[in-house]
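Visitor: I have a structure open here and I'd like to walk through it with you. Could we begin with the strands and then wander a bit?

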Amino acid sequence: VATVAVYSDADRHAPHVVQADEAVLLGDAAPSASYLNIDKLIAAARQTGAEALHPGYGFLSENPVFAERVAAGGLVFIGPGAEAMRRLGDKVAARNLARQAGVPTVPGMDAPEADENRLAAAAERIGYPVLIKASAGGGGKGMRVVERPQALPEAARLAASEAQSAFGDGRIFLEKYLPRPRHVEIQVLGDHHGSVIYLGERECSIQRRHQKIVEESPSPALDAALRRRMGEAAVRLAKAAGYTNAGTVEFLLDESGDFYFLEVNTRLQVEHPVTEMVTGLDLVRLQLNIAAGQPLGIAQSDVAPRGHAIECRIYAEDPAAGFIPSPGRILLAEAPAGPGIRYDHAVVSGMEVPVHYDPLLGKLIAFAETREACIARMKRALAECVVLGVRTPIEYLIDVLSHSAFEQGKTHTHFLGEHFAAWRPDAASDTAAAVGYLLETAHGVSAPSGAARTDQTAEFSPWRRLGRWDLAEG
């Protein structure tokens, strides 16, 4: 399959531009002038003679108007049809459809709302705390937790503005905020011949700002019976929507073992590699086959996950400063390797991390036969993952995976707030001093926090102290 990359001015030197067979410049860095511009995307496809369009993870990937325009332009949209996307991509419509399919849902609103008085009345009916959510999109954009009535108006305005900016759709609604749930999602696949199957689950409870940073499969909380119940519920919903291609049905799992429908992501998920690792299936290849009209060729009984997989997201951001983005130049990038290690990334030494887009740099995935072995393998891989020049959560992630509660599988969506609210890197370590000196000498910049290692993670460090540091002598 020949590929055509599209890119903005900010991504002119990005690795995907070089690696594709062809590349087309869309325009300025602003998303509205490039990645959100439907006319330019379709024109690029026509210009290069492309047959199909894969929407990726964000931007227009869950936009039914885009899917319709792609089809109207004589192209194949690699994803669900526009009608199924409308049924499921809109979170309120998906909630209603889930109830009709017999899938339990979190108490909340049945329609989006912009009027502050009606939002306030709905919040009183649901009961505080409530969660404001964007009707369209995902990734934690347009979400706010509201603990008291006085905070609702401003939070609603901010959520609507963020949703409009991220998805071109500012509609919002309210749901009951559950205090300590797990976030468990089911991967589904459906072809154009009526077959829909599920490929097990992913637990995505380790989140900051409602966005996942650690995902694993299988979930340590599920047994075979619960896995089957959740999987069958996801399939019922997908069939009710007439869903085709890859998608994810997300659930909240409470401490008593009850699950509630959360939303559907009508696209491939960032964390799909952990499912690939435990099932041995190539989800992107299956997406292409389904879009080409081929039957799925896999029955539910053929799905036999084995082992354990964990994914850690590597962002250009500072976990010690509220995970604010850390754009800038990457001075040195080194990829980890070894048995069971996969690194899906777009990071090279010398590249600039732009300020215009999500700061995700890459996804580090580890696979092993047991969860314990997988955690150990991931910590080693994280320690060997070098990204200098911008701040990253690499050290933070090692500490998360080293926490006894994580090791015991006692995770929930507020895990980071409960255990890591006061986290700081160990700025006094020998590694931090040495790397800081080298960077300041060579490039005139300060060492990133990710260069340091805490005592807890020192055993995993790729840096070795060979003798007394004498910084004055270099």
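Visitor: How many bridges join strand S8 to S9, and do they run parallel or antiparallel?

Guide: Keep in mind that this is a predicted model. In it, S8, which covers residues 182–190, runs antiparallel to S9, and six bridges join the two strands. One of the pairings to look for is that of Glu185, whose bridge partner in S9 is Arg202.

Visitor: What sits between those two strands?

Guide: The hairpin of S8 and S9 has five residues between the strands, and Gly194 in this hairpin takes a positive phi near 95°.

Visitor: And on the other side, how many bridges pair S9 with S10?

Guide: S9 and S10 pair over four bridges, in the antiparallel sense, and Ile206 has Val214 in S10 as its bridge partner. The hairpin of S9 and S10 has two residues between the strands, with Arg209 taking a positive phi near 55°.

Visitor: Is S9 enclosed or open, and why?

Guide: Strand S9 (residues 196–208) is largely enclosed by the rest of the structure, because 13 of its 13 residues are buried.

Visitor: You mentioned Val214. Which residues touch the most other members of the largest nonpolar core?

Guide: Val214 is one of them, together with Leu382, in a core that has 41 residues. Several elements give two or more residues to this core, among them strand S10 (211–217), strand S20 (360–368) and helix H11 (371–383). A second core, separate from that one, has 28 residues, including Leu226, Met230 and Leu253.

Visitor: Why would residues like that gather?

Guide: As a general tendency, nonpolar side chains in soluble globular proteins are buried together.

Visitor: Switching topic: how many disulfides are there?

Guide: The structure holds zero disulfides. If you take Cys312, the closest cysteine sulfur is that of Cys374, and at 9.1 Å the two are too far apart for a bond.

Visitor: Are those two cysteines buried or exposed?

Guide: Cys312 is buried, with a relative accessible area of 0%, and Cys374 also counts as buried, at 0% relative accessibility.

Visitor: Now the helices. Which residues of H3 are buried?

Guide: In helix H3, which spans residues 64–72, the buried residues include Pro64, Phe66, Ala67 and Val70. These residues lie on the same side of H3, because they cover an arc of only 160° around the axis.

Visitor: What do they pack against?

Guide: The buried residues of H3 pack against helix H2 (38–48), strand S3 (52–53), strand S4 (76–77) and helix H4 (82–89).

Visitor: What happens at the ends of H3?

Guide: At the N-terminal end, Asn63 caps H3 through a side-chain oxygen that lies 2.9 Å from the backbone nitrogen of Val65. Just after H3 comes Gly74, which takes a positive phi of about 80°.

Visitor: One last residue, Arg95. Where is it, and is it buried or exposed?

Guide: Arg95 belongs to helix H5, residues 91–100, and Arg95 is buried, with a relative accessible area of 1%.

Visitor: Which side chain does Arg95 make a polar contact with?

Guide: The side chain of Arg95 is joined to that of Glu175 by a polar contact of 3.3 Å. Setting aside neighbours within four places in sequence, Arg95 is in contact with several residues, among them Thr105, Met109, Asp110, Phe173 and Phe261.

Notes. Residues are numbered from 1 along each chain as its sequence is written. This is a predicted model: local features need pLDDT of at least 70, side-chain atom pairs count only at pLDDT 80 or more; totals for chains, interfaces and linings use all residues. Side-chain values use heavy atoms; hydrogens and water are left out. A nonpolar core is a set of buried Ala, Val, Leu, Ile, Met, Phe, Trp, Tyr and Cys residues joined through side-chain atoms within 4.5 Å. Buried means under 20% relative accessible area, exposed over 50%, partly exposed in between (1.4 Å probe, protein chains only). The arc is that of the directions from the helix axis to the C-beta atoms. Contact means heavy atoms within 4.5 Å. A polar contact is a pair of N or O atoms within 3.5 Å; within protein, one must be able to donate a hydrogen and the other to accept it, and residues adjacent in sequence count only if both atoms are side-chain atoms. A disulfide is a pair of cysteine sulfur atoms within 2.5 Å. Two strands pair if DSSP finds at least two bridges between them.
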